[in-house]
Amino acid sequence: MTESTLPEHAPVVVIGGGIMGCSTLYHLAQMGISDAILIERNQLTSGTTWHSAAQVRALRHSRNLTRMIQYSVDLYSRLEQETGQAVGWIQEGSLSIATHPDRLTHIKRQEALAHAYGIPARSVSAQEAKERWPLMNADDVLGAVWSPDDGRVSPSDVCAVLVKGARALGARFFEDTGVTGILTKNGRIEGVETVKGTIRCNAIAICAGLWSRELGQMAGAEIPLLACEHFYLLTKPVDGVAGNMPTLSDHDSHLYIRDDSGGLLVGCFEPMGKPIEPGRLDENFAFQLLPEDWDHFEPMMMGALHRLPALETAEVKMLLNGPESFTPDGTFMLGETAETRGLFLGCGMNSVGMAAGGGAGMNLAHCIVHGHTAYDLSEADAKRFAPVFNSVEHLMARAPEILGTHYDIAYPGKQLKTVRGVRRLPLDVQYREARAHFGQFYGWERPLYFGSAQEPQLRFDRPDWFENVRLEVQAAHEAAAIFDASSFGKIEVEGPDAEAFLMLVCAGHVNRAPGSVIYTAMLNERGTFESDITVHRIAVDHYRLFVGTAAIKRDLTWLRRHADGFDLTITDSTEDYAVLGLMGPDAARIATACGAPELNDIGYFKIGTAHIAGRHVRAARISYVGEAGWEITCKVENCAKIYSAFTAEGAKPAGLFAQTSMRIEKGYCAIGHELDSDISPIEAGLMFAVRKTGGFMGHKALDARLRSGAELSVVSLIFDDREVVPLGHEPIYLDGEVIGQTTSCAFGYRLNAPIALAHVHTRLKDGTTLIVNIAGRETTAQVKNGALFDPDGSIMRRDHGRIRVPALAG
């Protein structure tokens, strides 16, 4: 039973009675917000939760997403004991088969990742896979990975148990309570208008599944998600199905298969899904399904008949077609929105709601109560999408592709194909003339490498673009290369209090004199990274901040929400300026030849102005690639002339893959790889960029971390086998124990060897030999504390001689 009389006020209102809403309310009550409420326009679980196939597979592509789902598993087990009510947890494991050599590599990489995260998993032969799934045709199976701890739950039972647990703590639920409006004032949540009345509140959690986007619009917030049709076949009882069986994953055929009431459940994530236009499923869509579509399902059915010959004579119960919501990158949205304070999102679950719901609900509640998730989940940050992705047109194109990527092989360099070309760099035409191959980042088309615009053959061994990138690194190392950083976010901080404000939100030496360049962390109160940025102090009262391409929305929000009481303005100038990095030993000559000899007089970490090709520029003497040069900022309209002047003097364009290789050689950390909100400057080896005098946000926590014995955890690795291809997230072993994993990987062209940065949880001496598991193959690597490549110091390289870049083509 639910209540009928709404309170006039509640501290938090959760909208949506599916798994995310029920889990969020339960955890709010657990965290002491016992007077929070949940409102649902129909009945609990009536949207998409009730028809979920409810698989719970713990392994995800990152440690913390895996940790989150492991929490779900523990929670569902604990709830049975806490409430005395079953959740239908069935733990029969999962079996992932491969019928293609690259799929076998893919699942072996997953097995290695599972070991890094402490999840049981092991490779099995096709014969053993057949023994575990006797109904399976295994004639074309090359191998499989067995994960014994995976399972499934009953969606409605899980929600019922969460409701029972939340009610016992004082939380309340209101069904048949549709939302008609969201009240805001000065960009903050004030309340919710419903068909039963208005509730004043301090925070709202939107957990409304595929209807979340329209709720966001009521509050002026962007929630880019769209529903697609999701199919699974149910049969009547089938001979050979006795009791519960493991989930069978035949991802080469786009299928997942399990038992269901003595019959079979055969579901799919087909290569291109069917989108559902907004508005088609209205407020009356409750405990309903969409029409069967056998024509659409037929290609997957053919694969199912091949894999399960018993299906030929099985009696079909139904082809279930239910809506599921998908985001532009395939990961859910969790946290506070950029546009509206107090508006939190827990939606866009991309068909993993039941697996993720327990842990995601806990983290959302933690974010509402404490201001941050329980551990870093920046990959799910609600502020990560460029506004362009919130258009219906783009969502209708992208969401079906995202559904299809669920069972993709995770090739390095793979790019999405839909919604491309929506944001182009100022030099897009010139780069296409140079045959750039592009990747999309925050909507921007950025060159990955040059010399071949054709689609590469994706693979796990040495990639098609290896030679292209080698030539770009060679240009930067022996002559001059141009690296485009125009997509980086640019934020102007201006006003009398600019310095005082940045001294608070930045840990670095931002009080240095005008004309200085400062690398700095932006820390939270826990002393861990919110962002790392480069700051140009242009004048006493004017700073320009350069932030990561995908960080602009998040970092702008962070800065603005800490600027209360300061006399200043904060402005996004990203699309006003272009940035070109001119790097390499020939950069000095080129600058002089282009009319700017004064650039050679700029000291390191200083900025100066000049004119190149008659166009005004501001140049910073810094380098992200370990070669001398400048990052040159100019007005967008002047960029083409400056680029033409550089190329006329022999500079070559270089892409993101070359930059990444050179960054790793230099040991430079990057947000989302080595740096996140679980890591402080101590572990990252960046305390040199932190003010010893304190006075910045997070300094007390950082001091406490130091006193507790925190130490460097980022190391560089150089591999002994020149042919191996590490990709990132590989587990690292010392004396048979997992001690960490790789974070960024590439081939080091200046070192003639594969290289990586890694997080390890034990101090290691230079030259320590480690074992790295790359797709089931153990290979050795040597440790270096600091940069592998340093033009002014020691260099570790495999040929033990001078760098011979041209010899690397083989």
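A disulfide is a pair of cysteine sulfur atoms within 2.5 Å. By that test, a search of the whole structure turns up zero disulfides. The model is a predicted one. Its largest nonpolar core counts 61 residues, and another core, of 60 residues, lies apart from it. The structure also holds 16 aromatic pairs.

**Cysteines**

- Cys669 takes part in no disulfide. The cysteine sulfur nearest to Cys669 belongs to Cys745, 13 Å away. The cut-off is 2.5 Å.
- Cys745 is likewise in no disulfide, and its nearest cysteine sulfur is that of Cys669.
- Cys669 has 9% relative accessibility, so it counts as buried.
- Cys745 has 15% relative accessibility and also counts as buried.

**Nonpolar cores**

- In the largest core, seven members touch the most other members: Val14, Met68, Val158, Leu162, Phe173, Leu364 and Ile368.
- Several elements each supply at least two residues of this core. Among them are strand S1 (9-15), helix H1 (19-30) and helix H2 (63-83). Helix H5 (155-168) and strand S11 (197-206) are also included.
- Helix H8 (353-370) is on that list too. H8 gives the most to this core, with nine residues.
- The core of 60 residues includes Phe501, Val510, Ile533 and Leu559.

**Aromatic rings**

- Phe501 and Phe566 form an edge-to-face aromatic pair. Their ring centres are 5.4 Å apart, and the planes meet at 65 degrees.
- Phe501 lies in helix H12 (residues 498-505). Phe566 lies in the loop between helix H13 (552-560) and strand S28 (569-572). The pair therefore ties together parts that are 65 residues apart in sequence.
- Phe501 is buried, with a relative accessible area of 0%. Phe566 is partly exposed, at 25%.
- Tyr256, Phe269 and Tyr407 make up one aromatic cluster.

**Charges over rings**

- Arg41 places its charged end over the ring of Trp211, 4.6 Å from the ring centre.
- Arg544 does so with Tyr577: its charged end sits over that ring, 4.1 Å from the centre.

**Around Arg152**

- Arg152 belongs to strand S7 (residues 151-152).
- With 7% relative accessibility, Arg152 counts as buried. The limit for buried is under 20%.
- The side chains of Arg152 and Asp259 are joined by a polar contact of 2.8 Å.
- Neighbours within four places in sequence aside, Arg152 is in contact with Ala54, Gln55 and Val56, among others. Its contacts also include Gly88, Trp89 and Ile90. Asn244, Met245, Arg258 and Asp259 are on the list as well.

**Around Ala112**

- Ala112 is placed in helix H3 (residues 101-116). H3 is one of the elements that supply at least two residues of the largest core.
- Ala112 is buried, with a relative accessible area of 3%.
- Ala112 and Ile732 are 620 residues apart in sequence. In space they are 9.8 Å apart, C-alpha to C-alpha.
- Leaving aside neighbours within four places in sequence, Ala112 is in contact with Pro731 and Asn773.

How values were computed:
Residues are numbered from 1 along each chain as its sequence is written. This is a predicted model: local features need pLDDT of at least 70, side-chain atom pairs count only at pLDDT 80 or more; totals for chains, interfaces and linings use all residues. Side-chain values use heavy atoms; hydrogens and water are left out. Buried means under 20% relative accessible area, exposed over 50%, partly exposed in between (1.4 Å probe, protein chains only). Helices (H or I, at least four residues) and strands (E, at least two) are DSSP runs, numbered from the N terminus. Contact means heavy atoms within 4.5 Å. A nonpolar core is a set of buried Ala, Val, Leu, Ile, Met, Phe, Trp, Tyr and Cys residues joined through side-chain atoms within 4.5 Å. Rings of Phe, Tyr and Trp (its six-membered ring) pair if their centres lie within 6.5 Å; planes under 30 degrees apart count as stacked, over 60 as edge-to-face and the rest as tilted. A charge sits over a ring if NZ of Lys or CZ of Arg is within 6 Å of the ring centre and within 35 degrees of the ring normal. A polar contact is a pair of N or O atoms within 3.5 Å; within protein, one must be able to donate a hydrogen and the other to accept it, and residues adjacent in sequence count only if both atoms are side-chain atoms.
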